[in-house]
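Good morning, and thank you for coming. Please look at the structure on the screen while I go through a few of its local features.

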Amino acid sequence: MAGLGLAAAAVAPGIAAPAPLKGRLKHSVARWTFPKQSVAELCRTVKDIGFSAVDLVGPEDWPTLKAHGVFSSMCNGAELGLKNGFAGKEFHDQLVERYTRHIDLVADAGYRNLICFSGNRNGMDPQQGLANAEAGLKRILGHAEKRGVVLVMELLNSRVDHPDYLCDRSAWGVALCERIGSDHFGLLYDIYHMQIMEGDIIATIGKHHSWFKHYHTAGVPGRHEIGANQELNYPAICRAIRDTGFDGYLAQEFMPEAPDPVESLREAIRLCDV
């Protein structure tokens, strides 16, 4: 009875406790989009909203996540930035060294997803970029498979945010997946970036979802909140993701513009909780 009384006291009179999330999609949020909160504060924020994962966190912050019971849904820290990636043969030796070490860190921590990037074209033919990326990734793929880690290459737009980035269309990313042919390599399908580059979001998810290991959100245009003031229908998109049987994470990666960024995140999770 005492426990019941404490629970009741935690909710102000006349205010209903928020309904639990439906659990049909697993939710996360990109750490970098909440720069004013420490990692510990962000952990408390997500737990208060009702989910328990943070995206794009490196080894230095994993102990804090673990202390709060929050999962690292997409690990980072092995990359050489967004411009110098696996499409550039000149970066392969350094990337192989860094990713081999990081794969072990991810696996030892009990995590699974590790982000990677194509890097920029730098005048390269896209087909040559495919061949280069395949060769570089296959040097670390066996180790990732052995340790149970999934390498996930992000699709980014080259029109607004990342000029000259090579993996800027789903077709190129899917072609790379098909060449590599492993369940331990796939794509981070960033809905914001791909709306800018090609649109046709729901049809693309339906056609290529087997290669999409992870999803990111943001509003178009502007990369801000995902509600009614932007052009994407996120509830419909999330239903399409859900209906594929996706069991990975959907991470909010918008830059909050409203005065209360936590409330923006809470509303985004509500919209995507289908």
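Helices and strands here are DSSP runs, a helix having at least four residues and a strand at least two, and both are numbered from the N terminus. With that convention, I can place a residue: Asp164 lies in the loop between strand E5, residues 150-154, and helix H6, residues 170-180. Please keep in mind that this is a predicted model.

Let me stay with Asp164 for a moment. Its phi is near 80°, which is a positive value in a residue other than glycine. Most residues other than glycine have a negative phi, and most peptide bonds are trans. Is Asp164 buried or exposed, or does it fall in between? With a relative accessible area of 30%, Asp164 is partly exposed, because the partly exposed class runs between 20% and 50%.

A second residue to discuss in this respect is Arg223. Arg223 is not a glycine, yet it has a positive phi of about 65°. Arg223 is found in the loop between E7 and H9. At 9% relative accessibility, Arg223 counts as buried, because buried means under 20%.

That loop between E7 and H9 is also the place of Pro221. The peptide bond leading from Val220 to Pro221 is cis, with omega near -5°.

I now turn to salt bridges. How many salt bridges does the structure hold? There are 11 salt bridges in the structure. I shall describe some of them, beginning with the residue we have just met.

The side chain of Arg223 meets that of Glu253 in a salt bridge, at 3.4 Å from N to O. This pair links distant parts of the chain, 30 residues apart: Arg223 is in the loop between strand E7 (212-217) and H9, and Glu253 is in the loop between strand E8 (249-252) and H10. Glu253 has a relative accessibility of 4% and therefore counts as buried. Arg223, as I said, is buried too, with a relative accessible area of 9%.

The next pair is Asp108 and Arg147. Their salt bridge has its closest N and O atoms 2.7 Å apart. Here again distant parts of the chain are linked, with Asp108 in helix H4 (residues 92-108), Arg147 in helix H5 (residues 126-147), and the two positions 39 residues apart. Asp108 has a relative accessible area of 59%, so it is exposed. Arg147 has a relative accessible area of 28% and is partly exposed.

While we are at helix H4, I would mention Glu97, which is also found there. Glu97 is exposed, with a relative accessible area of 53%. The C-alpha atoms of Glu97 and Ile140 are separated by 8.9 Å, although these residues are 43 apart along the chain.

A further salt bridge joins the side chains of Arg270 and Glu267, at 2.6 Å from N to O. Why are these two residues separated by about one helical turn? The reason is that Arg270 and Glu267 are 3 residues apart in helix H10. Glu267 has a relative accessibility of 32% and so counts as partly exposed. In addition, salt bridges that share partners join Asp48, Glu263 and Arg266 into one network.

The last topic is helix packing. Two packed helices are described by the angle between their axes and the distance between the axes.

Consider helix H2, residues 39-49, and helix H10, residues 261-272. These helices pack at an angle of about 40°, with their axes 10 Å apart. H2 and H10 are therefore oblique to each other. The crossing of H2 past H10 is right-handed. Which residues meet in this contact? From H2 they are Thr45, Asp48 and Ile49, and from H10 they are Val262, Leu265, Arg266 and Ile269. By class, the contact of H2 with H10 has 4 nonpolar, 1 polar and 2 charged residues.

Finally, I come to helix H8, residues 201-208, and helix H9, residues 234-243. Their axes come within 10 Å and cross at roughly 5°. That angle makes H8 roughly parallel to H9, because angles under 35 degrees count as roughly parallel. On the H8 side, Ile201, Ile202 and Ile205 meet Ala236, Ile237, Ala240 and Ile241 of H9. The residues of this contact divide into 7 nonpolar, no polar and no charged.

Thank you for your attention.

Definitions and conventions
Residues are numbered from 1 along each chain as its sequence is written. This is a predicted model: local features need pLDDT of at least 70, side-chain atom pairs count only at pLDDT 80 or more; totals for chains, interfaces and linings use all residues. Side-chain values use heavy atoms; hydrogens and water are left out. Axes are lines fitted to C-alpha atoms, for helices over the stretch in contact, and angles run from 0 to 180 degrees between N-to-C directions. Angles under 35 degrees count as roughly parallel, over 145 as roughly antiparallel, 65 to 115 as roughly perpendicular and the rest as oblique. Contact means heavy atoms within 4.5 Å. Ala, Val, Leu, Ile, Met, Phe, Trp, Tyr, Cys and Pro count as nonpolar, Asp, Glu, Lys and Arg as charged, and the others, Gly among them, as polar. A crossing is left-handed if the near helix is turned anticlockwise from the far one by less than a right angle, and right-handed if clockwise. A salt bridge is a side-chain nitrogen of Lys or Arg within 4 Å of a carboxyl oxygen of Asp or Glu. Buried means under 20% relative accessible area, exposed over 50%, partly exposed in between (1.4 Å probe, protein chains only).
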